[in-house]
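Colleague: I'd like to learn how to read a model like this one. Could you walk me through it, feature by feature?

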Amino acid sequence: MARIETAFIEDMKPFGEDVAAACFNCGTCAAICPLVSDHFPRKIIRYVQIGAKDRILEHSRDLWQCLHCGLCTQTCPRGANPGEIILSLKRYVVANWRRS
Ligand code: SF4
Ligand code: SF4
């Protein structure tokens, strides 16, 4: 079961993330994303908001599918910069990866 840690957004700041809180989960980024994949990136941004670190690590392969095309960032109505959130999450995953 995923744990929820509301302070996680603060933990992400060293990795370059400080705007995920602005996201209001409208889904525009998921609709415009050329990957058309399971509510990406909206869903993973929600994981950041609620601090579902386990889920982020479980779904980390999804991050590397991002094309960094910028469409999500261009169309986000809240300036949440989803493309940059994906980049910061890659840095977080690399820093926290543990072999089981
Ligand atoms: S478009 Fe912006 S506000 Fe809407 S779900 Fe994506 S990141 Fe959140
Ligand atoms: S930058 Fe990544 S997440 Fe955003 S629309 Fe492009 S492929 Fe999708």
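Colleague: Let's begin with the ligands. Which residues are around ligand 2?

Modeller: Keep in mind that this is a predicted model. Around ligand 2 you'll find C33, P34, F40 and P41, together with C66, L67, H68, C69, G70 and C72. Sorted by class, that shell has eight nonpolar residues, two polar and no charged.

Colleague: And how many residues surround ligand 1?

Modeller: Ligand 1 has 14 residues around it, and the closest are C23, C26, G27, C29 and C76. Helices α2 and α3 are the elements that give two or more residues to that shell. The class split here is nine nonpolar, three polar and two charged.

Colleague: Now the aromatics. How do I read a pair of rings?

Modeller: A pair of aromatic rings is described by the distance of the centres and the angle of the planes. In this model there are two aromatic pairs. Take F8 and Y92: their ring centres are 5.2 Å apart and the planes stand at 80°, so this pair is edge-to-face. F8 sits in helix α1 (residues 8-11) and Y92 in helix α7 (residues 82-96), so the pair ties together parts 84 residues apart in sequence.

Colleague: Are F8 and Y92 buried or exposed?

Modeller: Both F8 and Y92 are buried. For Y92, the relative accessible area is 7%.

Colleague: What about the second pair, F15 and Y92: how far apart are the ring centres, and what is the angle between the planes?

Modeller: F15 and Y92 are also edge-to-face, with 5.6 Å from centre to centre and 90° between the planes. F15 lies in the loop between α1 and α2 (28-32), while Y92 is in α7, so the pair ties together parts 77 residues apart in sequence. Put the three rings together and F8, F15 and Y92 make one aromatic cluster.

Colleague: What else does F15 contact, leaving aside its neighbours within four places in sequence?

Modeller: With those neighbours set aside, F15 is in contact with S88, R91, Y92, A95 and N96. You can also look at the backbone: the C-alpha atoms of F15 and L87 are 8.6 Å apart in space, although the two residues are 72 apart in sequence.

Colleague: Can a charged side chain go with a ring too?

Modeller: Here's a case: R78 lies over the face of F24, at 5.2 Å from the ring centre.

Colleague: OK, on to the core. What's the general idea?

Modeller: In soluble globular proteins, nonpolar side chains tend to be buried together. The largest nonpolar core in this model has 23 residues, and I44, V48, I56 and L89 are those with the most contacts inside it. Helices α1, α3 and α7 are the elements that give it two or more residues, and α7 gives the most, with five.

Colleague: Which residues does V48 touch, not counting those up to four places away in sequence?

Modeller: On that count, V48 touches F8, I9, M12, A20, I56, I85 and L89.

Colleague: Last one: how should I read a helix such as α3 (42-50)?

Modeller: An α-helix has 3.6 residues a turn, so residues three or four places apart point the same way. The buried residues of α3 are R42, I44, I45, Y47, V48 and Q49. Those residues pack against α1, α2, α4 (53-58), α5 (60-63) and α7. Then look just after α3, where G51 takes a positive phi of about 70°.

Note on methods
Residues numbered from 1 in each chain as written. Chains lettered and ligands numbered in written order. Heavy atoms only, no water. Phe/Tyr/Trp six-rings, centres within 6.5 Å; stacked < 30°, edge-to-face > 60°. Helix = DSSP H or I, 4+ residues; strand = E, 2+ residues; numbered from the N terminus. Buried < 20%, exposed > 50% of the residue type's maximum accessible area, 1.4 Å probe, protein only. Lys NZ or Arg CZ within 6 Å of the ring centre and 35° of its normal. Near = heavy atom within 4 Å. Nonpolar A, V, L, I, M, F, W, Y, C, P; charged D, E, K, R; others polar. Core = buried A, V, L, I, M, F, W, Y, C linked by side-chain atoms within 4.5 Å. Contact = heavy atoms within 4.5 Å.
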